[in-house]
Amino acid sequence: MVVLDAVNQIQAAQANDLACRWNCKAGKCGSCSAEINGMPRLLCMSRLSELPLEKPITIEPLKAFPLLKDLVTDVSWNFAVKKKIKPFKPRAPDAADGTWRMAQADIDRVQEFRKCIECFLCQDVCHVLREHRLHEQFIGPRFLIHVAALEMHPLDTEDRLAELRAAHGIGFCNITKCCTKVCPESIQLTDNGIIPLKERVVDRFYDPLVKLLRRLKAKAQ
Ligand code: SF4
Ligand code: SF4
Ligand code: FES
């Protein structure tokens with residue numbers, strides 16, 4: 001029995017108007033996100049047998065987003081954020097038949113980020129959104145790894161570093177790794193996505209040698 005079963009049972013027998021969002025009951029749709037005993041988790045993947053049953057289990061809605069009713073929050077901010085990120089822009093095909101050639105190692109690197117089910121548990125736990133409410137200045141861990149998937153894609157030619165530094169607010173992340181800990185897909189958000197992006201931003205905008213070379217280049221032109 002998982003926590004979602006308990007919620008459905010309560011809905012059927014005791015509180016018919018209890019609002020709860022779910023679809024797959026298999027940890028794949030990302031709909032049933034909530035907070036169980038204060039921790040962001042999927043209701044359908046949390047077994048009752050793994051929770052301490054000597055005291056009541058608390059089930060609460062996500063805190064980082066506006067509450068609609070009971071366990072349902074309005075997560076539409078996330079979809080608006082995604083629209084602001086520059087989309088995939090592949091280079092011209094490598095072969096006359098319109099196909100590309102890529103190294104398997106390069107594909108493997110971004111494959112992990114594509115496992116995201118958009119449950120937004122990582123967004124919920126991140127203190128920048130949850131406590132500091134900087135939704136206007138920070139896109140959150142889910143979308144930092146979305147940018148990572150695009151930036152590290154071997155075919156992509158777009159440049160998103162200026163936005164990462166300014167509009168996407170990557171500097172607000174202080175690498176606490178809380179997002180990585182709650183991800184039901186075990187994506188290594190911080191180590192494999194956010195830190196490499198931070199390094200790229202630092203190399204571009206803060207490396208004194210790169211700055212000097214850029215100035216010399218501008219002078220020479
Ligand atoms: S590592 Fe960064 S993005 Fe992840 S929870 Fe911590 S501050 Fe937020
Ligand atoms: S990165 Fe993990 S925690 Fe964040 S939205 Fe995707 S699946 Fe959920
Ligand atoms: S119901 Fe789909 S992830 Fe839980």
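Q: Which residues are around ligand 1, and which two helices each supply at least two residues of the shell?
A: In this predicted model, the residues around ligand 1 are Cys-126, His-127, Pro-141, Cys-173, Asn-174, Ile-175, Thr-176, Lys-177, Cys-178, Cys-179, Thr-190 and Ile-194. Each of two helices gives at least two residues to this shell: α8 (178-182) and α9 (189-205).

Q: How many residues of the shell around ligand 1 are nonpolar, polar and charged?
A: Ligand 1 sits in the largest cavity. Lys-177 and Asn-174 are among the residues around it. Sorted by class, the shell has seven nonpolar, four polar and one charged residues.

Q: Which residues surround ligand 2, and how do they divide by class?
A: Ligand 2 takes up the second largest cavity. Its surroundings are Cys-116, Ile-117, Glu-118, Cys-119, Phe-120, Cys-122, Arg-142, Ile-145, Cys-183, Pro-184 and Leu-189. By class they are nine nonpolar, no polar and two charged.

Q: Why is α6 largely enclosed by the rest of the structure?
A: Look along the helix and you find Pro-141, Arg-142, Phe-143, Leu-144, Ile-145, His-146, Val-147, Ala-148, Ala-149, Leu-150 and Glu-151 as its buried residues. They pack against α2 (76-84), α3 (104-111), α4 (121-125), α7 (161-165), α8 and α9. Helix α6 is largely enclosed because its buried residues number eleven of the eleven.

Q: Is Glu-151 buried or exposed?
A: Glu-151 is found in helix α6. Leaving aside residues up to four places away in sequence, Glu-151 touches Asp-156, Glu-158, Asp-159, Arg-160, Leu-161, Leu-197 and Arg-200. Buried means under 20% relative accessible area. Glu-151 has 13%, so the word for it is buried.

Q: Which two residues touch the most other members of the largest nonpolar core?
A: This core has 57 residues, and the ones that touch the most other members are Leu-43 and Leu-164. Helix α6 (residues 141-151) gives the most to this core, with seven residues. Not counting residues up to four places away in sequence, Leu-43 touches Val-2, Val-3, Leu-4, Cys-20, Cys-32, Ala-34, Ile-36, Ile-59 and Leu-71. So the two names to remember are Leu-43 and Leu-164.

Q: Is Glu-50 buried or exposed?
A: Glu-50 has its place in the loop between β2 (39-42) and β3 (59-60). From C-alpha to C-alpha, Glu-50 and Val-2 are 9.3 Å apart in space, with their places 48 residues apart in sequence. A residue is exposed over 50% relative accessible area. With 57% relative accessibility, Glu-50 therefore counts as exposed.

Q: Where is Asn-37, and what is its phi?
A: Find the loop between β1 (33-36) and β2, and you have the place of Asn-37. Asn-37 counts as partly exposed, at 33% relative accessibility. Although Asn-37 is not a glycine, its phi is positive, at about 50 degrees.

Q: Where does Asp-70 lie, and what is its phi near?
A: Asp-70 lies in the loop between β4 (67-69) and β5 (72-73). Its relative accessibility is 32%, so Asp-70 counts as partly exposed. Asp-70 is a residue other than glycine with a positive phi, near 50 degrees.

Q: What percentage of the residues in the protein chain is buried?
A: The protein chain has ten helices and five strands, and its C-alpha atoms fill a box of roughly 75 × 45 × 30 Å along the principal axes. Among contacts between residues at least 6 apart in sequence, 63% join residues at least 24 apart. Of the 221 residues in the chain, the buried share is 42%.

Definitions and conventions. Residues numbered from 1 in each chain as written. Chains lettered and ligands numbered in written order. Predicted model: local features only at pLDDT ≥ 70, side-chain atom pairs only at ≥ 80, totals over all residues. Heavy atoms only, no water. Near = heavy atom within 4 Å. 1 Å grid on protein atoms, 1.4 Å probe; cavity = no way out; pocket = protein on both sides within 12 Å on 5 of 7 lines; lining within 4 Å. Sits in = over half its atoms within 2 Å of the grid points. Helix = DSSP H or I, 4+ residues; strand = E, 2+ residues; numbered from the N terminus. Nonpolar A, V, L, I, M, F, W, Y, C, P; charged D, E, K, R; others polar. Core = buried A, V, L, I, M, F, W, Y, C linked by side-chain atoms within 4.5 Å. Buried < 20%, exposed > 50% of the residue type's maximum accessible area, 1.4 Å probe, protein only. Contact = heavy atoms within 4.5 Å.
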